[in-house]
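Here is a small set of exercises to work through with the model open in your viewer. Try each task yourself before you read its solution.

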Amino acid sequence: MYSGGNARIYEALRKHAGDVTILSNAWGLAEPLRRAIGHTPESVALRLRWRAHLALAPVVARKVRGELMHGEYDVLFGAYSFHSMCHLVPPYPMVTAFTSDATQTIYRNSEIGQAHPSKFPGGRLFDDRVERCEGHVFRGTDLLFWPSRWLKDAADARYGLSPSKSLLVPWGAGIAPPPEPEPTPIGRDRPVELLLVGRDWFAKGGPVAFDTMQALRARGIDVRLTVIGCVPPEFHRNAFVTVHPQLDKSVPEEAAIFARAFAGAHFLVQPSYESYGFAFCEASAHGLPALCLAVGGVPVRDGVNGHALPQGSTPEDFAGLIETYLDTPDAYASLSRSARREYEEHLNWDAWGRTVAGHLRARVAELRSASVSRARAAG
């Protein structure tokens, strides 16, 4: 599960919106099945749990409703899992809200889903049911906080959502705010440092990043590549590639390595196919321009905190773009500072929390006002 994202969402809501209670993730009468699925291999458990959760949504909804009856909550906030809100009828008036970086249907039908086809046997048999459930939940939810324009536009069109409830609020970086950086000096007379971060070398566009480095080295430029989070295959490693297979940011020594890699890099080169990507937010936090593909909801605005190249762009295209900045260091410094501003204004969890809390408070106030009016009318 997306523990990092969930943790940041929880912390931001607790800081800006008020008291937050985490409801149990148990499935009620179906809890033995959930636990049994947990004993299967992770690659199987993730997909099987997702489908079983949706199939058993009426059972899970009774469990959620029972927990809500133990308190008096103003808001029910769902992160990622729309399953728990499917078939749920709150026991009393409350505001419902939801956030996710993708929906299963939008992801599946996008260029991202086409690049990562389902490997689960029979997975497509549930597609129609999934989309019906998504539409039912999203149309019935009071506030939807989408982190990307890509997802908001697709959700509005696919599910027929109202602009008053479907809102664009970018997510933030998965790190504490670093000190405001100075742009890293760049030029043909010094080494150029590239960075890639992710658990899956191929899914994150590692081969393109490696070939970009090689293309620049073939032009006589001293370029190095640092990889964090995965181990490239042997044919994508050489003396100019530094690999940190895994860094735990909760360990000070490893967090320091992580921070130095971002602070010393010139570009995050990550031509991945993904629906969002916290690494891009973290890059902006360090004033590190990101080079990616114009795919999905990747939080890179062209010319603001990096460049999103068209799909099909080659390593030579990435190399050519980098080379233009080697000859225009002032333009690079400007892009670096702009990336940091993007983080400070948009790509941080405080900004997300303040915006979301404002919408939640306004909607709760409307609900209370309507309740008072009904009570007066009845009296």
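**Exercise 1. Find the hand of the crossing between α3 and α7, then describe the geometry and the residues of the contact.**

Solution. This is a predicted model, and the crossing of α3 and α7 in it is left-handed.

Step 1: locate the helices. Helix α3 covers residues 42–55 and helix α7 covers residues 127–140.

Step 2: look at the axes. They come within 11 Å and cross at roughly 60°. With roughly perpendicular reserved for 65 to 115 degrees, that angle makes α3 oblique to α7.

Step 3: list the residues that meet. On the α3 side they are W50, L54 and A55, and on the α7 side R129, V130 and C133.

Step 4: sort them by character. The contact of α3 with α7 has 5 nonpolar residues, 1 charged and no polar.

**Exercise 2. Work out how α3 is oriented relative to α4, and which residues bring the two together.**

Solution. Start again from the axes.

Step 1: those of α3 and helix α4 (residues 57–68) come within 5 Å and cross at roughly 75°.

Step 2: turn the angle into a word. Since 65 to 115 degrees counts as roughly perpendicular, α3 is roughly perpendicular to α4.

Step 3: name the residues. H53, L54 and A55 of α3 meet A57, P58 and V60 of α4.

Step 4: classify the contact. The residues between α3 and α4 divide into 5 nonpolar and 1 polar, with no charged residue.

**Exercise 3. Give the strand order of the sheet that contains β1 to β4, and find the helices packed on it.**

Solution. Begin with the strands and then add the helices.

Step 1: trace the order. The 4 strands run β1-β2-β3-β4 in an open sheet with parallel pairing.

Step 2: find the edges. β1 (75–79) and β4 (166–168) each have a single partner strand, so one side of each is left without a neighbour in the sheet. From one strand to the next, the twist averages 20°.

Step 3: zoom in on one pair. β2 (residues 95–99) and β3 (residues 143–146) are joined in the parallel sense by 3 bridges. Here F98 has L144 in β3 as its bridge partner.

Step 4: add the helices. Helix α8 (residues 149–159) packs on the sheet, where it touches β3 and β4, and its direction makes about 165° with that of β4. Helix α14 (residues 349–378) also packs on this sheet, touching β1, β2, β3 and β4, with its direction at about 170° to that of β3.

**Exercise 4. Lay out the sheet of 6 strands, including its edges and two of its pairings.**

Solution. Follow the same route as before.

Step 1: read the order. It is β7-β6-β5-β8-β9-β10, again in an open sheet with parallel pairing.

Step 2: mark the edge strands. These are β7 (241–244) and β10 (306–309), each of which pairs on one side only. The twist averages 25° from one strand to the next.

Step 3: take the pair β5 and β6. They are linked in the parallel sense over 6 bridges, and E193 stands opposite R224 in β6. Of the 6 residues in β5 (residues 192–197), 5 are buried.

Step 4: take the pair β9 and β10. β9 (residues 290–293) runs parallel to β10, joined to it by 4 bridges. The bridge partner of C292 in β10 is A308.

**Exercise 5. Decide whether T226 and M213 are buried or exposed, and place each in its surroundings.**

Solution. The cut-off for buried is under 20% relative accessible area.

Step 1: test T226. This residue is in strand β6 (residues 223–228), and its relative accessible area is 14%, so T226 is buried.

Step 2: list its contacts. Beyond residues up to four places away in sequence, T226 touches E193, L194, L195, L196, T242, H244 and A261.

Step 3: test M213. It lies in helix α9 (residues 206–218), and a relative accessible area of 0% makes M213 buried.

Step 4: look around M213. Outside its neighbours within four places in sequence, M213 is in contact with L194, V223, R224, L225, N238, F240 and V241.

Step 5: step back to the helix. α9 lies across β5, β6, β7 and β8 (267–269), and runs at about 165° to β6.

Step 6: finish with a distance. M213 and L151 are 62 residues apart in sequence, and their C-alpha atoms are 32 Å apart in space.

Technical notes:
Residues numbered from 1 in each chain as written. Predicted model: local features only at pLDDT ≥ 70, side-chain atom pairs only at ≥ 80, totals over all residues. Heavy atoms only, no water. Pairing = 2+ DSSP bridges. Axes fitted to C-alpha atoms, helices over the stretch in contact; angles between N-to-C directions. Contact = heavy atoms within 4.5 Å. Parallel < 35°, antiparallel > 145°, perpendicular 65-115°, else oblique. Left-handed = near helix turned anticlockwise from the far one by under 90°. Nonpolar A, V, L, I, M, F, W, Y, C, P; charged D, E, K, R; others polar. Buried < 20%, exposed > 50% of the residue type's maximum accessible area, 1.4 Å probe, protein only.
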